[in-house]
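Here are some exercises to work through with the structure open beside you. Try each task on your own before reading its solution.

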Amino acid sequence: MSALTPTQDRMRIDARDKVLGRPLFAADIPLRGLLHAMTTPARIAKGRITAIDTMAAAAVPGVVRVFTHEDFADLRVTPATLGGNQPGFQPLTGTEIVFRGQPVALVVAATLEAATEAAELVEVTYEAAPFTATMDEPGAEPQPYETAVEAGDAAAAMASAEVTVDVEYRHPQNHHNPLEMISTTAHVEDGRLIVREGTQNTNALKFGTAGALGLDPQRVDAVSPYIGGGFGQKNVLQLQSVLVSRAAMALGRPVKLVMPRAQLFHTASHRPASRHRIRLGASRAGRISAAIYESDQENARYDHFLRSAHNEAVSRLYGIPNYLGRERLVRVDTNPPGHMRAPHEHPGSYAFESAVDELSYALGMDPLALRLANDAERDAISGKPFTSRTLAACLDRGAALFGWSERRAAPHSMVAEDGSLVGWGVASGAYKGTMCPCVARLRVQADGLTRLSVSGHEMGQGIRSAVGAELMELLPIRADRLEIRLGDTTAIDQHHTAGSWGTGGAVPAVRAVVGRFMAALTELGGPLRPGESVHTRLMALKRPVLEVEIEHLGTSQGPDALERMRRGGVAVVGPEYPDFVSFSWIAHFVEVRVEPTTRRIRVPRVVSVADCGRVMNRRTATSQVAGGVVWGIGAALREAAEIDPRYGFVLNNDLADYVVPVNADIGAITVDLLDIADPMLNASGVRGVGEVAMVGAAAAVANAVYHATGKRIRHLPIRIDDLL
Ligand code: MOS
């Protein structure tokens, strides 16, 4: 095996195909005899259905069938239904309504137009019940606090600290809105059910669908080779997934449903609203001795999105010896929230890194210097070493690239030539270094073809390019005839791809399968000579094909992890391993300009320096970081779901009113990657980058707004009216 060298800068392995429009998303694949489906959303937020009249809907020309809860009453919710580790909610199995927009009927028709028209004509009579739409309304149910992270004695250290801050930050509900909307297409072929869905989790789709419909999982396949943006919204089965499969089976024809964007705001997962109270205690010299961080996270009443984990990454940002992180869920009548890029780390770092910024002003200390003064050698929470601790290097490199030394300390002290207030902000970020089990099969042919099948999903982040880079670095094969099969249970067993463990899971598995392949090849004819390709060797051996397969586990995982994956579950390890902890790191430096009369906020430039271990593809990793920064700017200055508490309705449920940054809002984003291999974590030296990219970005923007204006806004998004 070669040493862990940084890989070359290569274009995306699928760049040419993508430019030519060749990769098709699930809903774009043509199927003969396809029927179109549409759901009818509930018009109340809570209560029950007392009657459904489907006559008018069924009379629309082209309508094949109108399904109601009576057709789906036998669906079963299994542990795999919502992605393996969560309970699940399956709509259309009864008369109870638990959130506004919940599907109450499914219409299947020959055309999309007929299905849409008929879905609107389904007449539902409800008995409405009182409900609570947000955690700020009466009726919201806070659960007891749970201790999430504890080290030392935070209360005692806080009591004796020389300087303290005690602040509360709020983060609104956000929605992912990937460009590829949520969809399911299902059909039966040769006695097998084939489900196509843009999903990060074909494994859950296969086992969850089989479980819900009472089918043998070995007769169900889930196919998702390309996804047009996942970000966590495509982590689990969608509310429509099983309904569409059942309809296709009942009608004996392929059925497709694309959930309209307006419905996504009510039926798909989202980032829950949250509150964060943070107390920090420090010495006058700027050593942080204590942190107490309490968070509230909005959640559904009847189901839940795990616990909050706001403390997991931020408690590792600095070497704070006395740390108490407590968190609680607050239940309301909403659809369940879910993972959205850096689900806890983004809001957690927004609040925590804002509080650290406030502490720097309380101490009269430069915010960068305060961060550097509190670097950690070991993980203060577990006492274990880090596999790699490079936050200070990210901060130093970023400060140099940004020109931080030119900053004037006082808020409201830097003014541009056009009179704009200039603010410079900094924030740190961390994200867990995780891994998962992964199966890989490598087939090389004498005729020049190479086919790599591996557990993993391509959602646009570039996992094909990452696994392809590892393969081509280790094995002399024809790059132009390399096929990579991902996200497809017909190709190989799958595991959920999320939590930035895609690269950490798949790339070391590719290294391992190449090792097995080389051993097999060497056995057949000695090691490859310099310049000899595998194809030529196979030709010389008169062997048309050589194929090997391996099962690869995450570092420290046992065979039970593979078993769990093969039953449809999720088996992830990290950030705490038996002998160490592992995180990716990032530092963001942001300049904002605030126009003095209108208070319009612009972000002309950002510098972000990340360490994700060995960089598998500089181009895709850089693009991930830039994308994360854009999300951070969106979260800081634009995005929020506006919920009408009287109806439980997201008012701005489209891309015109749910405001995200556009090109004109984004200035220069300079990204640098340290590219330091992390061989302690895995044999390829890789960690994830997709989520750490965003962590701290919103705080850096908010901190820059404070530096520009002297106004500390403790909620997101920060809008013009906050600064007037
Ligand atoms: Mo990601 S939010 O872990 O899919």
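## Exercise 1: An enclosed space

The second largest cavity holds about 130 Å³ of space. This is a predicted model, and a search of the whole of it turns up five cavities of 30 Å³ or more.

**Task.** Work out which residues lie closest to the centre of the second largest cavity, and which domains each supply at least three residues of its lining.

**Solution.**
1. Begin at the centre: among the 16 lining residues, His266, Thr334, Asn335, Gly648 and Val650 are the closest to it.
2. Next, look for elements that contribute two or more residues to this lining; they are helix H8 (261–267) and strand S26 (649–650).
3. Sort the lining by character: six residues are nonpolar, seven are polar and three are charged.
4. Finally, turn to the domains. Domain 2 (31–131 + 179–229 + 234–267) and domain 3 (274–433 + 578–723) each supply at least three residues of the lining.

## Exercise 2: A four-stranded sheet

**Task.** Find the order of the strands in the open sheet of four strands, and say which strands stand at its edges.

**Solution.**
1. Trace the sheet across: the order is S21-S20-S19-S22, with mixed pairing.
2. Now check the ends. Strand S21 (482–485) and strand S22 (545–552) each have a single partner strand, so each of these edge strands has one side without a neighbour in the sheet.
3. Compare directions: ignoring which way they run, neighbouring strands are turned by 10° against each other on average.
4. Zoom in on one pair. Strand S19 (residues 438–445) runs antiparallel to S22, and eight bridges join them; Val439 is found opposite Glu551 in S22.
5. Add the helices. Helix H13 (residues 463–474) packs on the sheet and touches S19, strand S20 (450–454) and S21, with its direction at about 130° to that of S21. Helix H16 (residues 559–566) lies across S19 and S22, at about 80° to S19.

## Exercise 3: A pocket and two domains

**Task.** Decide where the second largest pocket lies with respect to domain 1 and domain 2.

**Solution.**
1. Lay out the parts: the protein is divided into domain 1 (15–23 + 435–566), domain 2 (31–131 + 179–229 + 234–267) and domain 3 (274–433 + 578–723).
2. Take the first two of these. The centres of domain 1 and domain 2, taken over C-alpha atoms, are 35 Å apart, and 20 residues of domain 1 are in contact with 19 residues of domain 2.
3. Consider the pocket, which has a volume of about 680 Å³. Its lining has 27 residues, and those nearest its centre are Asp17, Tyr226, Leu482, Glu483 and Ile484.
4. Helix H1 (15–19), H13 and S21 are the elements that give two or more residues to this lining. By character, the lining has 13 nonpolar, three polar and 11 charged residues.
5. Draw the conclusion: both domain 1 and domain 2 give residues to the lining, so the second largest pocket lies between them.

## Exercise 4: Backbone details in loops

**Task.** Locate the loops that hold Pro575, Pro717 and Asn177.

**Solution.**
1. Pro575 sits in the loop between H16 and strand S23 (583–594). A cis peptide bond joins Gly574 to Pro575, with omega about 5°.
2. Pro717 belongs to the loop between helix H18 (697–709) and helix H19 (720–723). Here Leu716 and Pro717 are joined by a cis peptide bond, with omega about -10°.
3. Asn177 is in the loop between strand S9 (163–171) and strand S10 (183–189). Its phi is near 50°, a positive value in a residue other than glycine.

Note on methods:
Residues numbered from 1 in each chain as written. Predicted model: local features only at pLDDT ≥ 70, side-chain atom pairs only at ≥ 80, totals over all residues. Heavy atoms only, no water. 1 Å grid on protein atoms, 1.4 Å probe; cavity = no way out; pocket = protein on both sides within 12 Å on 5 of 7 lines; lining within 4 Å. Points joined across faces, edges and corners; volume = space filled by probe spheres on them. Nonpolar A, V, L, I, M, F, W, Y, C, P; charged D, E, K, R; others polar. Domains from an automatic or database assignment. Pairing = 2+ DSSP bridges. Axes fitted to C-alpha atoms, helices over the stretch in contact; angles between N-to-C directions. Contact = heavy atoms within 4.5 Å.
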